[in-house]
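Hello,

Here is the structure I promised to pass on to you. Please have a look at it first, and then read my notes below.

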Amino acid sequence: MRLVEAIRSALSAIMANALRSLLTMLGIVIGVAAVIAMVAIGSGARNLVDSQIRSLGANLAIVTPGNVTQGGARLGAGAASSLTDEDAQAIRREVDGVVAAAPFVQGGAQVVAGGSNWGTRIYGVDLDWFSAREWDVADGRTFDPEEVRRGDIVIILGQTVARNLFGEADPLDQVVRVRNVPFRVIGVMAPKGQSAFGQDQDDVIFVPLDAGRRRVIGRNYAKDGSVGSIFVKFANEEDIEPGIESMTQLLRQRHRITGEQEDDFSIRNLTEIANTASASANTLSMLLAAVAAVSLLVGGIGIMNIMLVSVTERTREIGLRLAVGARPRDIRSQFLIEATTLSTIGGALGIGLGAGAAYLVAQLAGWPSLVSTNAILMAVGFSALVGIFFGFYPAQRAAKLDPIEALRRE
Amino acid sequence: MALIETRDLRRVYDLDAGRVVALDGVSLAIDQGDFVAVMGPSGSGKSTFMNLIGCLDRPSSGEYRLAGAAVESLDADGLARLRNREIGFVFQQFNLLPRVDALSNVELPMVYAGFDRKTRREQALRSLSRVGLAERAHHRPMQLSGGQQQRVAIARALVNSPSLLLADEPTGALDSHTANEILSLFQELNREGVTIVLVTHDAEVGRHAHRLVRFRDGRVIEDRRQTPVDARDLAPEAAE
């Protein structure tokens, strides 16, 4: 019998017992829906982490000021800045594999433009910042080296700030005031979206490092040349570990820390943190998929059960088919195709349900979710396989029926 | 040449209760175009004989030739092929598939013979009109009377133009009027050249056949010709 006709006849057999078939499929439907939803949500989570890695910039380490001891009192990390511009320059110069070392200062600031004002974070940065964070302007330009060197009062706005201060109007060449200092807007950053911690990364403004230090942020950076932290970008992932090692040596030396004395700075490998997060997201989605696969298995057993019932119910039909010339293998493929059709329809329904559930979760949790073509193909293939696997025994039983016995059965 | 030829056909069942000899050395030849009634009480071996010549079962010993093929040496697929091409079955309970219409039921043997859909439809329709049910082609078995259902079953049996029509109590589930119609249909088909072997316990049915073979205790105890094989030559419409 040709496959198309076999499927058509399988469909009519399935439709003849529509409710029973539907209930039988339910196991597969739920199993596949679970797989699709879990994989979608899992890969959504992974994508989120991935995009955060990308938004941070790849192969990145951050040097932050550490404990500072003043007069016997150990102040917390970042209480006073022990890092300077020169540290950043030394790192850029002496550590292998470093492509950018961006010292920066940060603080909160109220920005005023005409009648509107907006509270945001201000960063004082040099040119390395933009290459370290792999982030560029969408409109206008970044600082030129002279502006950075002189500490000119020019400013680049994040998208959120630009929108809140200027709406649809063009902010370029407008003047905004930060702590009463008039800055000229020279650029607007490309949108970056949410950070790993749900912060709006576009709610930010950038000024040249010296301008930020002297005119706006002040505070702990009063000591000339000190900075908040340093982003260090490496050329390759393999360079990071040895790079951190030699940075540690370099900074200890520069800060005259010897022997048993504690570092007055700390270095974190951001890429590693991101990778760990990504790996755990992966593990989570694998785990969820495994749980979902178990429910597929249960669904398969349901199909086997109903196919056995079906073979028993249709013994006379099988006997008749054998009598009119069906070979045992024709009977076997008939029931196999029926089981597979059943499980594949269940799979298709499950994909719909799973995609819907994933969409719902994405909407409710604000989590990106992605129903991939791969997951769909896998679910279809897997549910067909379940049908073949669990349909085989009932089909084999049907094929082995003795035609005489089968015809005699009531 | 004989269409069916059995020599010393034996069928022994090994049951828990012991050996049962269902068929004990039957040698019989049935010619092309004959109309044979097989009779006998239950347990006489007539059903076993039917199963064997219908290629549904294999003999314990002995030989069986159907249309020149040595049946006893065939495997399951070979038997299936022979049933498909050479034999048409008609059962007491009709055995129609309830879910599909008459036409699809008639098509069924052609499906396993591997014909394409168009050929099947045409041939099945022709077969249905041969039993006078062309206009009922799209009715389901449930919508047909018992006699009509049996006609559909006969159309199904004929659709692959088999050399042998095997009927097992074909009138057993029908009232006498309908039974007579079915028997007339058999006679008509026989006149057209279809070889028929019919199992019955009804002497009235047996009388319609040209030849009567009676079984008892697994043996043939009577083999009587009632009408010459070429009775169709004597049939009134053929004589005109």
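Let me start with one stretch of chain A: residues 286-311 are 100% helix and 0% strand, and the C-alpha atoms at the ends are 37 Å apart. Helices here are DSSP runs of H or I with at least four residues, strands are runs of E with at least two, and both are numbered from the N terminus. Residues 374-393 of chain A are likewise 100% helix and 0% strand, with 29 Å between the end C-alpha atoms. Both stretches appear in the unreviewed UniProt entry, which lists residues 21-45, 286-311, 335-362 and 374-393 of chain A as "transmembrane region". UniProt positions are given in the numbering used here, feature names are shortened, and annotations may be inferred rather than shown by experiment.

Before you go further, please note that this is a predicted model: local features need pLDDT of at least 70, side-chain atom pairs count only at pLDDT 80 or more, and totals for chains, interfaces and linings use all residues. Residues are numbered from 1 along each chain as its sequence is written, while chains are lettered from A and ligands numbered from 1 in the order in which they are written.

Chain A as a whole has 13 helices and 14 strands. Of its 410 residues, 43% count as buried, meaning that 20 or more other C-beta atoms, placed from the backbone, lie within 10 Å of the residue's own.

Now to the interior. The largest nonpolar core has 176 residues, and those touching the most other members are A:Ile36, A:Ile155, A:Ile205, A:Ile230, A:Val232 and B:Val38. Such a core is a set of buried Ala, Val, Leu, Ile, Met, Phe, Trp, Tyr and Cys residues joined through C-beta atoms within 7 Å. Helix α2 (residues 18-56) of chain A gives the largest share, 17 residues. The core lies between domain 1 (3-53 + 279-408) and domain 2 (67-263) of chain A, because both give residues to it; the domain bounds come from an automatic or database assignment.

Where do the two chains meet? In all, 19 residues of chain B are in contact with 15 residues of chain A, contact being C-beta atoms, placed from the backbone, within 7 Å. On the chain B side, α2 (76-86) and α3 (102-113) each give two or more residues, and α2(B) has the largest share with six.

Finally, chain B has an open sheet of four strands in the order β2-β1-β4-β5, with antiparallel pairing; strands pair if DSSP finds at least two bridges between them. Its edge strands are β2 (18-31) and β5 (69-70).

Enjoy exploring!

Key: Contact = placed C-beta atoms within 7 Å. Buried ≥ 20, exposed ≤ 12 C-beta atoms within 10 Å, placed from the backbone.
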